[in-house]
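Reader: I am in my first year, and I would like to understand how the words used for a protein model are justified. Could you take me through some of them with care?

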Amino acid sequence: MSSAGKTALILTGGGARAAYQVGVLQALQLIRRDAGEKLRGSPFRIICGTSAGAINGMALASRADHYDLALRAMIEVWRDFRTEQVYRSDSFGVIRSGAQWLTLFSLGWALARWRRARPRSLLDNEPLRELLPHLFSIDRIPEMMAKGHLDAVAVTASSYTTGEHVTFYDSAEPIEPWSRSQRISVRDSLSLDHLMASSAIPFVFPSVKLGVNDGAHYCGDGAMRQAAPMSPAIHLGADRILVIGAGRLHEPQAPRQTAAEYPNLAQIAGHAMSSIFLDALAVDIERMQRVNHTLGLLTPEQRAQTSLRPVDILVIAPSQRIDDIAARHLWALPPAVRGMLRAVGVYGRGKSARGTALASYLLFESSFTRELIHLGFTDALAKREEVVRFFGWGAPGAQDGPNLTASSGPAKVESFA
C-alpha cells in the first residue's frame, strides 16, 4: 500500500476509558520507529475526537509539529491521573453536586424551585477546565495547519437545545459544511469550551453553551446521537481512517454470568453509557462493511458512475472488557465518590462487583489508567503487521487484498458520510 493520501485518526469517547487510546498511540509510535520512519511529524493529517477522545485528539493536533513530544506528554498525564484533576472529588464538592442532585430524585423538583437550587450535574468538572490549558494549547492548531503539519480537525458535541449532533471543525483549506438528518457541521476555531462540551458525559458533567450558526446551544457529550462516528473524517478528506475505540466492540460467544436480582440504577446507567459510547461505532463499521460488499459486486463501469470513494479503515479496540478491569480498581476512587456511587448501586469486588460500567467512565485514577494504557499498548502491538500495512511503513505496496473485517485489519470501504 502506498503511503500517499490523507490518514485520519478518530478517537472515540469514554471518560477514563480513553487511557486505552494512549497505550495504542504509544505502540504505534514504536512500530513506526521500528519501520524506520521519521518520527518528528504527526502521521495523521486529520484528527477527529469525541468526548475524552476529543481532548486526546486536540492534544496531539496542537503539537503536530513535534508529535513524539505531544505523545510523551499525554502518557505522563494519563499514567499519573488523579480523580481530583477531572472533577471535584472531596466531600464538600460531592455534596454540593452529587448528593444534592440525587436528593432531588426523592424530594422532587418542587423543592428545587423552592430552594432555587437546581444542580446542573452529578459532578463538578471545573478542575478539568483548569487543568487543560496547562497540558496543551489548543490555540496552536491554526498555526499547525498554516505551517502544513495538519489538514483538518474536528470535535463533536450534541445539542440539548435542538437535539442535533454537531461537528465543529477547522481546516487548512476551505471545506463546505455538511448536513445530514439530525446532524450538522459548523466551521469554527476550536476552543476549550468545545472540548468541555464534547466531554460532558450526560447527567455526570454539566453542558456548555456554544455558538452554532449564530445561535446559542447548550451542548453535551458528542457520543450522544452520533449515528456515523467516521463521517467527519470522510467529509474532511480522509483516504485512510484509524479508529481507536474505548470499549470492546465484539463480545465473545461464551455465555455471560447473569444476576437474578433486579438491576440497580448504576447498572442501568452503565448500560445506557455503553449504548451511547460503543454501539454507534460498531453499527457504523458494520454498515461500511455491508456497503463495501454491495459495491464490490458492481462492475468497474458501474462504480465509475458513483461519487462514492474508497476509504481504508483500521479499528483497534480493547480485547478485554473494561468493566471487568474497572471492578479491580473501585478501591482507588476517593471515599466521597465511592460513597456517592455506592448510593446508586456501585459496590463489590472482582466478579461480584455491580455497576462497574458506570464507574469505569469516572475512574481517573492511575492504577486503572495504567492498566488500560498497558492493554492498549499490547493490543496495538498484536496488530503490528496490519498497522505497517495500513500506514505503508517500511514496505510500500505490501498490502494484501481487501479485508472485510474492519476490526481485524485494513478494509476497503466506501464513503457514505
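Author: Let us begin with strand pairing: two strands are said to pair if DSSP finds at least two bridges between them. The model here is a predicted one, and in it Thr-7 stands opposite Arg-240 in β9.

Reader: What makes β1 and β9 a pair of strands?

Author: The pairing requires at least two bridges, and 5 bridges join β1 (residues 7-11) to β9 (residues 240-244), with the two strands running parallel. The requirement is therefore met.

Reader: How do you know that β1 also pairs with β2?

Author: The reasoning is repeated with another count, since 4 bridges join β1 to β2 (residues 46-50), again in parallel, and at least two are needed, so these strands pair as well. Within this pairing, Leu-11 stands opposite Gly-49 in β2. Between the two strands the chain passes through helix α1 (residues 19-34), and this β-α-β crossover is right-handed.

Reader: Why is the crossover called right-handed?

Author: The word applies if, with the strands pointing away from the viewer, the path from the first strand over the helix to the second runs clockwise. The path from β1 through α1 to β2 is classed as right-handed, so it runs clockwise in that view.

Reader: Why is β1 described as largely enclosed by the rest of the structure?

Author: The description follows because 5 of the 5 residues of β1 are buried. In a regular strand the side chains alternate between the two faces of the sheet. In β1 both faces are covered, with Thr-7, Leu-9 and Leu-11 buried on one side and Ala-8 and Ile-10 buried on the other.

Reader: Why is Ser-51 called buried, and what makes its phi noteworthy?

Author: Buried means under 20% relative accessible area, and Ser-51 has 1%, so it is buried. This residue sits in the loop between β2 and α2, and its phi is positive, about 60 degrees, although Ser-51 is not a glycine.

Reader: Why is Asn-213 placed in another class, buried or exposed?

Author: Exposed means over 50%, and Asn-213 is at 56% relative accessibility, so it counts as exposed. Asn-213 lies in the loop between β7 (208-212) and β8 (215-221), and its phi, near 50 degrees, is a positive value in a residue other than glycine.

Reader: How do you know whether Arg-354 is buried or exposed?

Author: Its relative accessibility is 17%, and the limit for buried is under 20%, so Arg-354 counts as buried. Arg-354 is found in the loop between α13 (335-344) and α14 (356-360).

Reader: What makes the pair of side chains of Ser-231 and Arg-183 a polar contact?

Author: The distance is 3.1 Å, and a polar contact needs a suitable pair of N or O atoms within 3.5 Å, so the pair qualifies. Ser-231 lies in helix α9 (residues 231-235) and, at a relative accessible area of 4%, is buried.

Reader: What makes the lining of the largest cavity mostly one class of residue, and which class is it?

Author: The lining has 18 nonpolar, 4 polar and 1 charged residues, so nonpolar residues make up most of it. The largest cavity has a volume of about 290 Å³, and among its 23 lining residues the closest to its centre are Ile-55, Asn-56, Trp-78, Leu-132 and Leu-135. Helix α3 supplies the largest share of the lining, 5 residues.

Technical notes
Residues numbered from 1 in each chain as written. Predicted model: local features only at pLDDT ≥ 70, side-chain atom pairs only at ≥ 80, totals over all residues. Heavy atoms only, no water. Buried < 20%, exposed > 50% of the residue type's maximum accessible area, 1.4 Å probe, protein only. Polar contact = N/O pair within 3.5 Å; in protein donor to acceptor, adjacent residues only side chain to side chain. 1 Å grid on protein atoms, 1.4 Å probe; cavity = no way out; pocket = protein on both sides within 12 Å on 5 of 7 lines; lining within 4 Å. Points joined across faces, edges and corners; volume = space filled by probe spheres on them.
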